[in-house]
Amino acid sequence: LTADFDAILAQAKKSYETQKRAFPKAGTEEYQTLKNQAVAFLVQRVEFEQKAKDLGLEVTDKQVDERLAQIKKQYFAGDEKKYAKQLADQGLTDKQVRADLRAQLVSEGLFKEVTKDVKVTDKDVSGYYAENKATYSQPESRDVRHILVKTKALADDIYGQLDAGGDFAALANKYSEDPGSKDQGGKLTIARGQTVAPFDQTAFLLKVGTISRPVKTEYGYHIIEPLSEIKLAKQTPLKDVRESIKQQLLQTKRNEAMTAWVDDVSVTPLGAMRPSQDAKK
């Protein structure tokens with residue numbers, strides 16, 4: 001393991017150089033943290049390999065080759081020179097990459113084995129839906145258009161033009177400072193309670209086709225015109241989100257099961273990273 005330990009620290013040093021950061025000196029707390037991470041990483045790798053053997057899980061050289069081929073294709077378009085350059089930039093060797101991929105495949109195999117009996121019941125799904133109904137609800141909404149300007153004088157002038165029959169869309173395009181709606185003639189769809197209070201109150205109180213006098217908010221002065229009646233609040237039925245909730249809960253339960261298993265057999269959390277990766281955060 002000594003060679004692997006030295007290789008990990010060398011990679012960490014390379015990462016620090018890339019980030020133009022001084023590598024911690026021996027004896028410092030930061031250096032000791034890196035050493036501890038490297039040891040924990042290697043210990044976990046050995047533990048996982050042993051547990052995989054105990055469970056009859058085997059990772060073959062062919063599987064490693066296939067995973068590496070996928071990576072080369074996805075990130076380097078199959079270009080061996082680009083792959084070699086990336087290794088050099090990160091202070092890695094092909095041997096280290098293959099060892100990391102083998103460890104990754106071992107972890108994936110263990111995850112699959114440890115979590116194979118995890119289930120999510122209909123009761124779990126309906127209970128989650130009941131506790132999180134707000135997540136699956138849509139408040140009242142309305143289609144409106146508005147013109148936003150910085151000064152009341154300009155807002156009053158625009159209101160006067162509109163009151164005299166001016167073209168709302170043309171004026172919005174010319175004057176509005178709301179980049180999200182000005183190119184659409186000021187049009188946008190708003191949901192109850194999701195815009196600033198004065199705008200929200202006015203937009204939901206006015207009748208369709210009624211143009212408001214300038215409304216002051218923290219953003220400036222708005223001239224608002226509702227374009228549709230208020231659309232009623234809606235609740236997404238459980239049947240429409242049942243499968244997505246089930247998959248979400250299943251992944252959460254699997255992660256919890258794996259974490260509990262790792263805590264029982266290992267001194268480090270699943271997926272402990274090389275020090276160089278952690279240093280990038």
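**View 1. Helix 7 lies across two strands in this predicted model.** Look for helix 7 at residues 152-163. The strands beneath your attention here are strand 2 (141-149) and strand 5. Helix 7 runs at about 25° to strand 5. Now find helix 9, residues 197-205, which packs on the sheet as well. Helix 9 touches strand 2, strand 3, strand 4 and strand 5, and its direction makes about 125° with that of strand 2.

**View 2. Four strands build an open sheet.** Strands of a sheet pair through backbone hydrogen bonds, either parallel or antiparallel. In this sheet the pairing is antiparallel, and the order of the strands is 3-2-5-4. Strand 3 (187-191) and strand 4 (215-217) stand at the edges with a single partner strand each, so one side of each has no neighbour in the sheet. From one strand to the next, the twist averages 50°.

**View 3. Strand 4 meets strand 5.** Strand 5 covers residues 220-226 and runs antiparallel to strand 4. How many bridges join the two strands? There are three. Here you can also spot threonine 217, which stands opposite glycine 220 in strand 5.

**View 4. Helix 2 packs with helix 5.** Two packed helices are described by the angle between their axes and the distance between the axes. For helix 2 (residues 29-54) and helix 5 (residues 94-114), the angle is about 55° and the axes are 10 Å apart. That angle makes helix 2 oblique to helix 5. Their crossing is left-handed. Helix 2 contributes residues including Phe41, Arg45 and Phe48 to the contact, while helix 5 contributes Ala103, Val106 and Leu110 among them. The contact residues divide into seven nonpolar, one polar and four charged.

How values were computed: Residues are numbered from 1 along each chain as its sequence is written. This is a predicted model: local features need pLDDT of at least 70, side-chain atom pairs count only at pLDDT 80 or more; totals for chains, interfaces and linings use all residues. Side-chain values use heavy atoms; hydrogens and water are left out. Axes are lines fitted to C-alpha atoms, for helices over the stretch in contact, and angles run from 0 to 180 degrees between N-to-C directions. Angles under 35 degrees count as roughly parallel, over 145 as roughly antiparallel, 65 to 115 as roughly perpendicular and the rest as oblique. A crossing is left-handed if the near helix is turned anticlockwise from the far one by less than a right angle, and right-handed if clockwise. Contact means heavy atoms within 4.5 Å. Ala, Val, Leu, Ile, Met, Phe, Trp, Tyr, Cys and Pro count as nonpolar, Asp, Glu, Lys and Arg as charged, and the others, Gly among them, as polar. Two strands pair if DSSP finds at least two bridges between them.
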